[in-house]
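I opened this model to look up its fold, its chain contacts and its DNA surface. My notes follow the display.

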Number of protein chains: 2
Amino acid sequence: MQQKKEIINKLRSSNLRPTKQRILIAKKLFDRKETFHFTAETLNKEINRKGQNKISLATIYNTVEAFKRAGHIREILTNNCKSYYDTNIKSHHHFYDPDSKKLTDIDYQEVIMKKIPNPPKGKKIKDLEVVISLQKK
Amino acid sequence: MQQKKEIINKLRSSNLRPTKQRILIAKKLFDRKETFHFTAETLNKEINRKGQNKISLATIYNTVEAFKRAGHIREILTNNCKSYYDTNIKSHHHFYDPDSKKLTDIDYQEVIMKKIPNPPKGKKIKDLEVVISLQKK
DNA sequence: TCCTAGTTTAGAATAATTATAAACTAGAAA
DNA sequence: TTTCTAGTTTATAATTATTCTAAACTAGGA
């Protein structure tokens, strides 16, 4: 359980003023055991269901973008015209099931590369992401 | 050089009636040495520039979708709200450069996996795609 | 308590894609 | 060769995801 103080520190340390909205969104995202996959739209639904604490969609978008830039969440590769995010920021990989459109985490150590190419001149590797697409057996 | 006949056969073999528009698009896509990365929008520009052969944007979208379903092109994973396609349908991988937003092919044999996880029960692996994100050195 | 830069907000604007329904056409059948 | 029809194309409208805008609000230092 992440205490409110921890969350506020997390925000402060990335130069984000800890507003009511950001604290609430951060709680939703980080105060959980399992990693969480979401889009702006699903997060919005989760937060604003049952007419509780209303946070505008624009703020959801702003906050997600801010958290991404701060490195608290990461964006996942897909071939959907939608941005997917993951609260698991450790380098890791995904199964993608086109039937259910669901992503599942694959632990970093579950994938080991034997050979990868050299990056082009002047560039270095920032990240390596593996997506394994599934189909019915 | 793919002859018109070849292209017509390709279309027929995937149950696509060889219309003027489809033949023209297929030529643009497949009648070239190097593989080709594109979006619906870039393909549209390339085809309709200089007021030559006008093909409507809707047809571009329809045809790209049809070619994808037929397996003549494949969709690439990105984190852009845009669908990228590749005329290289052999299993292969990509460098992604966020600065230029350009994708570069990596040959299949340039990446060798030493260990990959077992797929979940009832599923098998359809495809494995590696994306290596770059940054300035 | 006051002040102000940073933040939130509703709603407009934009961008990518999909749907619609009328006009057109490939190609089989007469 | 003409006729017919299902498949295709098209312009345009609709939808979906996201970003922009500018006015109202607020955290927190002075």
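The entries below go from conventions to chain A, then to the interface, the core, a small sheet and the DNA.

**Conventions.** I am working on a predicted model, where local features need pLDDT of at least 70, side-chain atom pairs count only at pLDDT 80 or more, and totals for chains, interfaces and linings use all residues. Residues are numbered from 1 along each chain as its sequence is written, and chains are lettered from A and ligands numbered from 1 in the order in which they are written.

**Chain A, overall.** I counted 4 helices and 7 strands in chain A. Helices (H or I, at least four residues) and strands (E, at least two) are DSSP runs, numbered from the N terminus. The order from the N terminus is α-α-β-α-α-β-β-β-β-β-β. Along the principal axes, the C-alpha atoms of chain A fill a box of roughly 50 × 40 × 30 Å. Of the 137 residues in chain A, 20% are buried. Buried means 20 or more other C-beta atoms within 10 Å of the residue's own, with C-beta atoms placed from the backbone. I also checked contacts (C-beta atoms, placed from the backbone, within 7 Å). Among those in chain A between residues at least 6 apart in sequence, 40% join residues at least 24 apart.

**Helix α2(A).** Which residues of α2(A) are buried? I found A:Arg22, A:Ile25, A:Ala26 and A:Leu29. Seen down the axis of α2(A), these fall within an arc of 100 degrees, so they line one face of the helix. The arc is taken over the directions from the helix axis to the C-beta atoms. Their cover includes α1 (4–13), α3 (40–48) and α4 of chain A.

**Chain A against chain B.** I next looked at the interface. 36 residues of chain B are in contact with 36 residues of chain A. On the chain B side, β2 (74–76), β4 (93–97), β6 (112–115) and β7 (123–136) each give two or more residues. β7(B) gives the largest share, 14 residues. This side of chain B divides into 18 nonpolar, 6 polar and 12 charged residues. Here Ala, Val, Leu, Ile, Met, Phe, Trp, Tyr, Cys and Pro count as nonpolar, Asp, Glu, Lys and Arg as charged, and the others, Gly among them, as polar.

I then followed β7 (residues 123–136) of chain A. It runs antiparallel to β7(B), joined by 13 bridges. One pair I noted: A:Glu129 has B:Val131 as its bridge partner.

**Core.** The largest nonpolar core has 44 residues. Such a core is a set of buried Ala, Val, Leu, Ile, Met, Phe, Trp, Tyr and Cys residues joined through C-beta atoms within 7 Å. A:Tyr85, A:Val131, B:Tyr85 and B:Val131 have the most contacts inside it. Leaving out residues up to four places away in sequence, A:Tyr85 touches A:Phe38, A:Val64, A:Lys68, A:Ile73, A:Arg74, A:Glu75 and A:Ile76.

**Small sheet, chain B.** I traced an open, antiparallel sheet of 3 strands, ordered β1-β3-β2. Strands pair if DSSP finds at least two bridges between them. The edges are β1 (37–38) and β2 of chain B, each pairing on one side only. β1(B) meets β3 (residues 84–86) of chain B through 2 bridges. B:His37 stands opposite B:Asp86.

**DNA strand C.** Which residues come nearest? Of the 25 around the strand, they are A:Thr19, A:Ser56, A:Ala58, A:Thr59 and B:Ser83. Near means a C-beta atom, placed from the backbone, within 6 Å. α2 (20–30) and α4 (57–70) of chain A, with α3 (40–48) and α4 (57–70) of chain B, give two or more residues to this surface. α4(A) gives the largest share, 4 residues. I tallied 9 nonpolar, 9 polar and 7 charged residues there.

How values were computed: A residue is buried if 20 or more other C-beta atoms lie within 10 Å of its own, exposed if 12 or fewer, and partly exposed in between; C-beta atoms are placed from the backbone. Two residues are in contact if their C-beta atoms, placed from the backbone, lie within 7 Å.
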